[in-house]
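Dear colleague,

Please find the structure below, handed over for your records. My notes on its charged side-chain pairs follow.

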Amino acid sequence: MTSSQDACYISLLGLAEYFRTSTPPDIKKCIQCLQALFTFKPPLKVEARTHLQLGQILMAYTKNTDLAKNHLEQAWILSENINNFDDVKFDTASLLAQLYQQQDQSSLAKPVLRKAIELSQHNVYWHCKLLFQLAQTHATDKEYTLASELLAVGVESTDESNATYLKSLFLLSRAMIMMIERKTNDVLAILSQASPIIDHSIQNFHLKEYLKVFFYVLQVCHYLQLGQVKTVKTSLKMLQQSIQTIIAPNWPSDEQIFGQNNTEMFMWLPKEQLYVLVYLVTVSHSMMAGYMDKAQKYTEKALTQIEKLKSQENKPILAVFQIILLEHIIMCRLVMGNKSLAIKEIALAKDVCLSSTNKFLLKKHAPQLHCLLGLYAMSTSLFEHAEKQFYACIQETTERELKLFANLNLAIVYLRTKREQDLRNILEQIQQENSQCSNSQALMGSFYYVQGLNAFHKSSFHEAKRFLRETLKMANAEDLNRLTSCSLVLLSHVFLSIGNSKESMNMVTPAMQLASKIPDIHVQLWGSAILKDLHRMLKEPTQEIEAYNNHVNFSQNLIADQLKCTKFPEHALINWFQGDPPLPMLSQDLLVQPSATIVSPVAIASGSGGVPIQQQQQQQQQQQQPSGTYVRLPGTLNQQVMFQ
């Protein structure tokens with residue numbers, strides 16, 4: 001009888017696999033064969049394994065997630081208390097938790113994973129995998145303290161089992177959590193702990209190189225988060241050298257490197273995605289440093305690589321990378337005066353967000369889109385729309401730095417529209433917020449710049465000089481070139497206003513050189529107007545005419561581009577203030593026509609974002625993840641786990 005039953009089990013399993021691997025697969029018959037096993041009242045282990053197989057097949061080949069969930073729940077109930085049944089038991093727990101997550105039922109996923117972690121302490125591979133997965137779940141729910149505690153447990157567990165590679169992954173993953181929480185000292189402490197382990201305790205050269213990329217990405221993003229553009233250069237160079245090693249033709253495949261032993265089957269990102277990520281952080285550095293041409297060049301290369309990877313397998317993380325790159329390149333376009341390209345790319349970014357599963361990316365990136373639209377509207381002198389966009393960004397974001405940046409630009413809108421009471425109120429608010437973000441060199445310097453601009457508009461020239469010198473001190477210390485050029489040109493205008501032509505010339509000359517290098521058309525427009533007046537004061541007609549012609553050229557380019565923008569249907573996005581954005585190809589009757597005149601040089605420079613744009617870091621995800629700092633917990637070679 002038993003022998004006969006065993007033959008039936010084997011035959012039905014063989015048939016099920018035959019139907020699954022047929023060309024094309026016959027999934028219906030495969031499922032029927034597996035379900036037929038239950039009619040023979042199989043032993044618990046066979047029953048549990050069959051429920052797991054049905055759950056896996058239903059998840060992989062059908063949309064019947066409820067039935068898949070039922071089978072996985074049955075498999076978990078049956079296998080939970082069976083000894084020596086690790087693969088089925090823990091695979092079931094992991095897959096069931098994953099399905100709960102997909103259905104936004106993380107409250108159901110957590111107890112399953114916690115129980116599985118408790119039962120898996122004797123099995124290093126499953127214990128670590130489940131710890132990563134539960135940390136991922138808590139982090140997705142923004143329960144960062146719990147996620148950090150789980151990763152600390154992982155560090156202790158790997159210490160006991162002498163799994164040094166896994167210990168490094170747990171440490172680096174915990175550093176990512178600390179970065180999200182803006183725990184600067186803790187990030188540095190954990191990175192300092194991980195560094196000697198990676199350098200001296202990892203014997204496998206290939207694994208060491210992957211860990212170095214992970215480490216340097218975190219280090220670079222940490223420095224950029226603090227606005228330390230100059231300090232980061234060494235780490236960025238090391239990161240670029242490491243990625244070149246990994247993408248070399250003679251480098252083994254990920255499967256060869258991570259498939260050797262079960263405690264080394266975990267990886268952060270595959271090398272193709274790491275390659276895009278290194279481009280992304282390089283773009284972020286170039287943008288913050290004020291090298292717009294470099295940022296554009298690296299963005300184009302990264303987007304090309306993303307399209308190549310999409311053609312092979314369109315994984316959700318690629319959309320995350322794409323949206324972050326677009327956010328950077330849009331800011332570059334606005335600085336360079338290419339508003340017509342910027343609004344097209346804002347629309348593209350919006351479409352990428354809308355196309356994500358359950359509009360997940362839209363939920364997370366809507367504040368950034370509103371902020372970008374605010375900058376675009378401000379650059380076209382549509383101050384009412386700019387104000388509403390910045391306000392929408394502030395209302396929707398929980399990111400402190402993004403909120404502060406939007407408020408700084410909102411202050412410039414109030415300054416340019418002469419709303420003195422609103423300006424005073426927001427400057428007081430910014431003062432309070434800036435004290436909480438004091439670690440960011442870029443934001444602190446930007447705040448001083450806005451105060452200097454305000455003092456200049458009030459003709460408080462001595463106060464303006466005091467603020468702008470603070471800005472220059474901070475900008476020069478970290479090579480924040482755009483902030484430097486904006487401050488220099490405003491200082492030049494201050495000296496021009498008090499009749500000190502020599503000091504004014506000393507300021508405007510390097511400002512124009514930097515602005516040309518960036519290139520920043522708005523500072524060049526402003527500087528050419530100052531030079532025209534200076535040369536007239538100094539009775540230098542030839543230079544005055546040259547400066548005047550330059551000023552006219554910059555103005556005409558900006559006017560032409562601005563008029564071009566208004567003819568695009570994408571321009572109507574400035575009317576989107578809440579809810580889901582409109583679908584592509586908006587009707588012309590929604591368009592708002594701005595004035596085609598270029599406002600005063602002071603206003604155009606500040607209105608184009610006289611404060612350098614501060615974009616939160618971004619590392620990576622396999623699933624669509626929130627905006628801000630993007631991080632990803634290691635997963636296994638075949639099942640990677642992401643978290644924010």
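In this predicted model, 22 salt bridges are present. As general background, side chains of opposite charge can pair when their charged atoms come close. Some of the pairs are described here.

One of the salt bridges joins the side chains of R482 and D520, with an N to O distance of 2.6 Å. R482 belongs to helix 24 (residues 481-497), while D520 sits in the loop between helix 25 (501-517) and helix 26 (521-537), so this pair ties together parts that are 38 residues apart in sequence. R482 and D520 are both buried.

A further salt bridge is formed by the side chains of D159 and K167, at 3.0 Å from N to O. Here the partners fall into separate accessibility classes: D159, with a relative accessible area of 46%, is partly exposed, whereas K167 is buried at 14%.

K532 and D533 also form a salt bridge, and their closest N and O atoms are 3.4 Å apart. D533 has a relative accessible area of 23% and is therefore partly exposed. K532 counts as buried, because its relative accessibility is 19% and the buried class covers values under 20%.

Finally, K110, D141 and E143 are joined into one network by salt bridges that share partners.

With kind regards

Key
Residues numbered from 1 in each chain as written. Predicted model: local features only at pLDDT ≥ 70, side-chain atom pairs only at ≥ 80, totals over all residues. Heavy atoms only, no water. Salt bridge = Lys/Arg side-chain N within 4 Å of Asp/Glu carboxyl O. Buried < 20%, exposed > 50% of the residue type's maximum accessible area, 1.4 Å probe, protein only. Helix = DSSP H or I, 4+ residues; strand = E, 2+ residues; numbered from the N terminus.
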